[in-house]
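Got your viewer open? Take this tour one selection at a time, and rotate the view as you go.

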Amino acid sequence: MIVKKIIPCLDVKDGQVVKGINFEGLRQMGDPVEMASNYSDNGADELVLLDISATTEGRDTMVDVVKRVSEKISIPFAVGGGIKTLDDISRVLDAGADKVGINSAAVDRPELIKEAAQKFGSEKIVAAVDAKQFPDGSWHVMTHGGMKDAELDAVQWSKMLEELGAGEILLTSVDRDGMKDGYDLELTKAIVDAVDIPVTASGGCGNADHIVEVFEKTDCASALAASIFHENTVSIPEVKKLCRGQGVNVSDS
């Protein structure tokens, strides 16, 4: 049985962890290095660090933060935001990240995924898909922090990302982000069923039951959450205990 992963997400802006609703209304939550260290020590299976303003502000990813985090934690972590070139990927991996997340740059130039997978290995390339549902019921890929419609169908785009060599997909529901009313199960199931690579569900987690629910109702490999952990609504060990009680296979860490 596949071991499901619990992944806290640290959205970083101006050197601080922040959290908002629908990618807007940001408030500061704390120091990314300190928070990453705490999560590593308290049962997180992996971490995701997102430099959420790097793309919209047109600057490089927070290499200094990546270096400091890598020195403090013992679990794998992925870094995304502002990754546009093979040099950017190399810089972040050299700083200590285990994986790199790519979103907007892949939409602009899909070949980047293929080139990155060939150079660094698919296992290091995470394709980040931010999806928003439109009135016709389809999900569109959104870029630039959820603000720009890429006019791509999210399900078809996910298939293409797999074909290009992405090792996994980090799927975020723009509609559910920060709302705390549960993951978008329909979206998550559609993407999971369309690809053979692991999918991490993100956007909307408000309690531990939501994590159990997304594992029970979809075949996602991982559940990512931010607010419930940052605000101490529930701890990672508590989430894992609930998962085990419901028959969900999670690690003992």
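Select C243 to begin: with a relative accessibility of 0%, C243 counts as buried. Keep in mind that you are looking at a predicted model. C243 sits in helix α10. Now show what surrounds C243: setting aside neighbours within four places in sequence, C243 is in contact with I211, V212, F215, V248 and V250. Next, add K4 and draw a line between the two C-alpha atoms. C243 and K4 are 239 residues apart along the chain, yet their C-alpha atoms are separated by 9.4 Å.

Step back by one residue and pick L242. L242 also belongs to helix α10, which covers residues 236-245. Is L242 buried or exposed? Neither label fits: at 28% relative accessibility, L242 counts as partly exposed, because buried means under 20% and exposed means over 50%. Not counting residues up to four places away in sequence, L242 touches A208, D209 and V212. You have met V212 already, as one of the contacts of C243. Try a distance here too: from C-alpha to C-alpha, L242 and I211 are 9.3 Å apart in space, with their positions 31 residues apart in sequence.

Now for some rings. How many aromatic pairs does the count come to? The answer is one. Select Y39 and F229 to see the pair: the ring centres are 6.2 Å apart and the planes stand at 65 degrees, so the pair is edge-to-face. The cut-off behind that label is an angle over 60 degrees. Colour the two helices involved: Y39 lies in helix α1 (residues 32-41) and F229 in helix α9 (residues 227-230), so the pair ties together parts that are 190 residues apart in sequence. Switch on the surface and look for each partner. Y39 is buried, with a relative accessible area of 10%, and F229 is buried too, at 4%.

From helix α9, follow the chain into the loop between α9 and α10, where you will find N232. N232 is exposed, with 65% relative accessibility. Check its backbone angles: phi of N232 is near 60 degrees, a positive value in a residue other than glycine.

Where can you find K180? Go to the loop between β10 (168-173) and α7 (185-194). K180 has a positive phi as well, near 65 degrees, and is likewise a residue other than glycine. At 35% relative accessibility, K180 counts as partly exposed.

Finally, zoom out and switch to a cartoon view. The chain has ten helices and twelve strands. Its radius of gyration is 16 Å, close to the 18 Å that the globule rule gives for 253 residues, so the chain is as compact as a globular protein of that length. Turn the model around: along its principal axes, the C-alpha trace spans about 45 × 45 × 35 Å.

Try colouring by burial next. Buried residues make up 56% of the 253 residues in the chain. Then think about contacts: among those with a separation of 6 or more, 64% are between residues 24 or more positions apart.

Last of all, show the surface and colour it by atom type. The accessible surface comes to about 10,900 Å², and 46% of that belongs to carbon and sulfur atoms. Colour by charge, and you have 26 positive and 43 negative side chains to look for, with the centres of the two sets 3 Å apart.

Terms used:
Residues numbered from 1 in each chain as written. Predicted model: local features only at pLDDT ≥ 70, side-chain atom pairs only at ≥ 80, totals over all residues. Heavy atoms only, no water. Phe/Tyr/Trp six-rings, centres within 6.5 Å; stacked < 30°, edge-to-face > 60°. Helix = DSSP H or I, 4+ residues; strand = E, 2+ residues; numbered from the N terminus. Buried < 20%, exposed > 50% of the residue type's maximum accessible area, 1.4 Å probe, protein only. Rg over C-alpha atoms; globule rule 2.2 N^0.38 Å. Contact = heavy atoms within 4.5 Å. Areas by Shrake-Rupley, 256 points an atom, 1.4 Å probe, with all protein chains shown as cover. Lys, Arg positive; Asp, Glu negative; His and termini not counted. Charge placed at Lys NZ, Arg CZ, Asp CG, Glu CD.
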